[in-house]
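Here are my notes on this one, jotted down as numbered points. Have the viewer open while you read.

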Amino acid sequence: MVDIINKPVIGVIMCRQQLGPHPAMTLQEKYLSALLAAGALPFPLAHGLADDERSLAQALALLDGILLTGSYSNMEPHHYGETGEEPLNDPGRDSVSLRLIAEARTRRLPLLGICRGFQEMVVAGGGTLHRRLHDTGLFDEHREDKSLSLAEQYAPAHDIIPRTGGLLARLAGPEHRRVNSLHMQGVKALGADTREEARAPDGLIEAISLADHPFALGVQWHPEWQSRDNALSCVLFDGFVEACRRYHHDAGARS
């Protein structure tokens with residue numbers, strides 16, 4: 001019989017989508033599968049937690065870590081000082097993600113952000129985003145070709161170059177690694193309390209961490225895709241879950 005008592009509980013942010021006539025909170029299975037395979041128990045986090053202090057506090061008391069997933073939506077630009085509309089928006093997710101990041105920093109709760117989650121961490125740390133990388137003329141193409149199969153869309157697309165001595169390099173080593181690329185937005189500038197962890201060869205920042213935090217890592221690519229078949233993905237999820245285990249152990253020792 002599997003002992004689930006020692007498995008860390010990881011809160012996973014959800015996205016708002018329309019399913020037929022009904023608004024729905026959704027989680028893509030690949031994120032849940034990656035956490036389960038790494039030895040964690042996923043716990044869904046609804047958008048309404050941002051407006052319910054007592055429920056948010058109760059949920060956070062259960063958690064040993066937080067995963068901010070990718071999404072088909074983008075952050076609304078007013079969160080990083082720009083004007084205009086974002087047609088692919090999810091304002092409820094914006095609100096709860098920024099609140100969860102703030103709570104993770106206060107509680108030193110392990111945090112992993114993927115794609116949109118990475119961008120949420122950038123903005124929460126005082127940074128800004130390019131809304132349409134392909135319109136800047138500064139970078140290579142980072143969007144996927146949606147006419148291809150999913151396996152081809154999620155195939156390795158370019159290298160990343162880890163920062164020497166950074167959290168990512170400590171987890172995965174200093175070597176260049178190949179990662180997939182399925183995003184339209186990207187980092188324009190980082191805030192003062194956010195550290196660069198890796199870049200693509202074209203200069204785009206591909207990974208960040210939050211300063212003064214034991215484990216708060218954001219990556220622009222998608223390590224959750226078939227996570228146990230990729231060495232870098234395994235290292236990222238295993239390292240995150242191990243940080244969550246340590247948090248759980250330390251919280252138990254404090255109580």
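1. Let's start with a hairpin. Strands E12 and E13 form one, with five residues between them, and in that turn Asp212 has a positive phi of about 55 degrees. Keep in mind that this is a predicted model, so every number here is computed from predicted coordinates. The two strands run antiparallel and are joined by three bridges. If you want a pair to click on, Ala207 has Val219 in E13 as its bridge partner.

2. E13 has another neighbour. Strand E6 (residues 111–114) runs parallel to E13, with four bridges joining them. Here Leu112 stands opposite Leu217. Which residues of E13 are buried on each side? Ala216 and Gly218 are on one side, Leu217 and Val219 on the other, and all are buried, so both faces of the strand are covered. The general background for that split is that side chains in a regular strand alternate between the two faces of the sheet.

3. There is a second hairpin earlier in the chain. Strand E2 (residues 15–19) and strand E3 (residues 22–26) run antiparallel, with five bridges between them. Leu19 is paired with His22 in E3. The hairpin leaves two residues between the strands, and Gly20 in the turn has a positive phi of about 65 degrees.

4. Now the aromatics. The count comes to two aromatic pairs. In one, the ring centres of Tyr154 and Trp225 are 4.4 Å apart and the planes are at 15 degrees, so the pair is stacked. Tyr154 sits in the loop between helix H5 (150–153) and strand E8 (158–162), while Trp225 is in the loop between E13 and helix H7 (231–254), so this pair ties together parts 71 residues apart in sequence. Tyr154 counts as buried, at 13% relative accessibility.

5. What about the rings of Phe215 and Phe240: how far apart are their centres? The distance is 5.9 Å and the planes are at 35 degrees, so this pair is tilted. Phe215 lies in the loop between E12 and E13, and Phe240 in H7, so the pair ties together parts 25 residues apart in sequence. Phe215 is buried with a relative accessible area of 3%, and Phe240 is buried too, at 0%.

6. Helix H3 (residues 91–107) is worth a look. Its 17 residues reach 24 Å from first C-alpha to last, close to the 24 Å expected at 1.5 Å a residue. The buried residues of H3 are Arg93, Asp94, Val96, Ser97, Leu100, Ile101, Glu103 and Ala104, a list with several polar names you may want to inspect by eye. Just after the helix, Arg108 takes a positive phi of about 60 degrees.

7. Zoom in on Ser97 in H3. Is this residue buried or exposed? Ser97 is buried, with a relative accessible area of 0%. A polar atom of its side chain lies 3.0 Å from the backbone oxygen of Asp94. Leaving aside residues up to four places away in sequence, Ser97 touches Ile13, Leu68 and Glu120.

8. One of those contacts, Glu120, is among the buried residues of helix H4. Why call H4 (residues 116–124) largely enclosed by the rest of the structure? Eight of its nine residues are buried, so the description follows. They are Arg116, Gly117, Phe118, Gln119, Glu120, Met121, Val122 and Val123. Just past the end of H4, Gly126 has a positive phi of about 90 degrees.

9. Helix H1 (residues 29–37) gives another burial pattern: Lys30, Tyr31, Ala34 and Leu35 are buried there. These four cover an arc of only 135 degrees around the axis, which puts them on the same side of H1. As background, an α-helix has 3.6 residues a turn, so residues three or four places apart point the same way. Gly39, just after H1, takes a positive phi of about 95 degrees.

10. Last stop: His130 in strand E7 (residues 128–130). His130 counts as buried at 11% relative accessibility. Not counting residues up to four places away in sequence, His130 touches Thr136, Leu138, Phe139, Gln185, Gly186, Val187 and Lys188.

Notes. Residues numbered from 1 in each chain as written. Predicted model: local features only at pLDDT ≥ 70, side-chain atom pairs only at ≥ 80, totals over all residues. Heavy atoms only, no water. Pairing = 2+ DSSP bridges. Buried < 20%, exposed > 50% of the residue type's maximum accessible area, 1.4 Å probe, protein only. Polar contact = N/O pair within 3.5 Å; in protein donor to acceptor, adjacent residues only side chain to side chain. Contact = heavy atoms within 4.5 Å. Arc of directions from axis to C-beta. Phe/Tyr/Trp six-rings, centres within 6.5 Å; stacked < 30°, edge-to-face > 60°. Expected span 1.5 Å × (residues − 1).
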